[in-house]
Amino acid sequence: MDKVKKILFYSDSKIFGGHEIMSTKIANTLFDNNYKIEFMYYNKDFDYKLNENIKRYFNPIYDKTPLPFIANFNLFSIF
């Protein structure tokens, strides 16, 4: 069986920060190692960081909560 060589990255974050920078670096590295990389994103800062040959899709919908784990955090579920 052949190794999977196609990956779609997805980001609906309005903020361009650490995770987004890390994702672009990983995507660029994989692209340079003959993976077919595609990227779907909301924040247009990805345009400046991604290899120009990576296929891109603009996602017009973004996550309204910048830190969703806080919105979903329930202290009582821990105890």
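Me: Are Phe16 and Phe46 buried or exposed?
Reply: This is a predicted model, in which local features need pLDDT of at least 70 and side-chain atom pairs count only at pLDDT 80 or more, while totals for chains, interfaces and linings use all residues. Residues are numbered from 1 along each chain as its sequence is written, and side-chain values use heavy atoms, without hydrogens and water. A residue counts as buried under 20% relative accessible area, as exposed over 50% and as partly exposed in between (1.4 Å probe, protein chains only). By this criterion, both Phe16 and Phe46 are buried.

Me: What kind of ring pair do Tyr41 and Phe46 form?
Reply: Rings of Phe, Tyr and Trp (its six-membered ring) pair if their centres lie within 6.5 Å; planes under 30 degrees apart count as stacked, over 60 as edge-to-face and the rest as tilted. The centres of Tyr41 and Phe46 are 5.2 Å apart and their planes stand at 40°, so the pair is tilted.

Me: What is the relative accessible area of Tyr41?
Reply: Phe46, its ring partner, is buried with a relative accessible area of 0%. Tyr41 is buried as well, with a value of 4%.

Me: How many aromatic pairs does the structure hold, and what kind is the pair of Phe16 and Phe46?
Reply: The total is 7 aromatic pairs. The ring centres of Phe16 and Phe46 lie 5.0 Å apart and their planes meet at 80°, so this pair is edge-to-face.

Me: How many residues separate Phe16 and Phe46 along the chain?
Reply: Helices (H or I, at least four residues) and strands (E, at least two) are DSSP runs, numbered from the N terminus. Phe16 belongs to the loop between β1 and α1, and Phe46 to helix α2 (residues 46-49). The pair thus links distant parts of the chain, with a separation of 30 residues.

Me: Which strands form the edges of the sheet?
Reply: Two strands pair if DSSP finds at least two bridges between them. The open sheet has 3 strands in the order β1-β2-β3, with parallel pairing. Pairing on one side only marks the edge strands, β1 (6-11) and β3 (55-58).

Me: Over how many bridges do β2 and β3 pair, and which residue of β3 stands opposite Phe39?
Reply: Strand β2 (residues 36-41) pairs with β3 in the parallel sense over 4 bridges. Opposite Phe39 stands Arg56.

Me: Which residues do ring pairs link into a cluster?
Reply: Phe16 and Phe46 belong to this cluster, together with Tyr41. Its full membership is Phe9, Phe16, Phe39, Tyr41 and Phe46.
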